[in-house]
Amino acid sequence: MRVLSFVSASVSPDRRDEVIRPYTEAVGGDLGPGVRQTFLLAGEDNMMAIATVWDSREALESYIDSVEEPFARRVLRAAGGEPEVRFFDIHAEGQSGSTASGAAPKP
């Protein structure tokens with residue numbers, strides 16, 4: 001079963017580039033074993049988050065065991081944040097489809 005890791009922290013606006021720059025560099029190449037997708041998110045109240053979809057909980061745990069501090073936690077902490085970590089099992093997912101005309105297919 002796929003898993004989503006969600007790591008968030010409050011990062012002051014003047015330090016957001018300290019998250020954006022290393023994140024952009026990290027995702028510029030191979031995402032690494034077990035990673036399907038990752039997103040850098042910015043929200044209200046100075047919140048920033050990194051959401052990553054993993055192939056399995058085993059892949060996520062293998063990564064966590066292989067590093068001193070996971071990337072998302074490290075980069076948010078380096079920008080002055082106090083990372084909060086949550087994990088979610090992905091029970092279902094959907095994606096928007098498209099047709100030749102660009103319209104979404106009817107259910």
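This briefing walks through the sheet, the helices and the nonpolar cores of the structure above. The model is a predicted one. Its four strands make an open antiparallel sheet in the order 2-3-1-4. Helix 1 lies across strand 2 and strand 3, while helix 3 lies across strand 1, strand 3 and strand 4. The largest nonpolar core has 12 residues, and helix 3 gives the most to this core.

**The sheet**

- Reading across the open sheet, the strand order is 2-3-1-4, with antiparallel pairing.
- Strand 2 (35-42) and strand 4 (84-89) are the edge strands; each has a single partner strand, so one side of each has no neighbour in the sheet.
- From one strand to the next, the twist averages 15°.
- Strand 1 covers residues 3-10 and pairs with strand 4 in the antiparallel sense over six bridges.
- To pick out one position, look at Ser8: its bridge partner in strand 4 is Glu84.

**Helices over the strands**

- Helix 1 (residues 17-26) runs at about 160° to strand 2, and also lies across strand 3 (47-54).
- Helix 3 (residues 71-78) runs at about 10° to strand 1, and lies across strand 3 and strand 4 as well.

**How the two helices meet**

- The axes of helix 1 and helix 3 are 8 Å apart, and the two helices pack at an angle of about 150°.
- That angle makes helix 1 roughly antiparallel to helix 3.
- Their crossing is right-handed.
- On the helix 1 side, the residues that meet helix 3 are Glu18, Val19, Pro22, Tyr23 and Ala26; facing them from helix 3 are Phe71, Val75, Leu76 and Ala78.

**The nonpolar cores**

- Members of the largest core include Val7, Ala9 and Val11, along with Val19, Tyr23, Met48 and Ile50.
- Also in this core are Phe71, Ala72, Val75, Leu76 and Ala79.
- Strand 1, helix 1, strand 3 and helix 3 are the elements that give two or more residues to this core.
- Helix 3 leads with four residues.
- Core member Met48 is a good place to zoom in: leaving aside neighbours within four places in sequence, its contacts include Val7, Ser8, Ala9 and Val11, then Arg16, Val19 and Ile20.
- Met48 is also in contact with Leu40, Leu41, Ala42 and Leu76.
- A second core, separate from the largest one, has five residues, among them Val35, Trp54, Ala59 and Leu60.

Conventions
Residues numbered from 1 in each chain as written. Predicted model: local features only at pLDDT ≥ 70, side-chain atom pairs only at ≥ 80, totals over all residues. Heavy atoms only, no water. Pairing = 2+ DSSP bridges. Axes fitted to C-alpha atoms, helices over the stretch in contact; angles between N-to-C directions. Contact = heavy atoms within 4.5 Å. Core = buried A, V, L, I, M, F, W, Y, C linked by side-chain atoms within 4.5 Å. Buried < 20%, exposed > 50% of the residue type's maximum accessible area, 1.4 Å probe, protein only. Parallel < 35°, antiparallel > 145°, perpendicular 65-115°, else oblique. Left-handed = near helix turned anticlockwise from the far one by under 90°.
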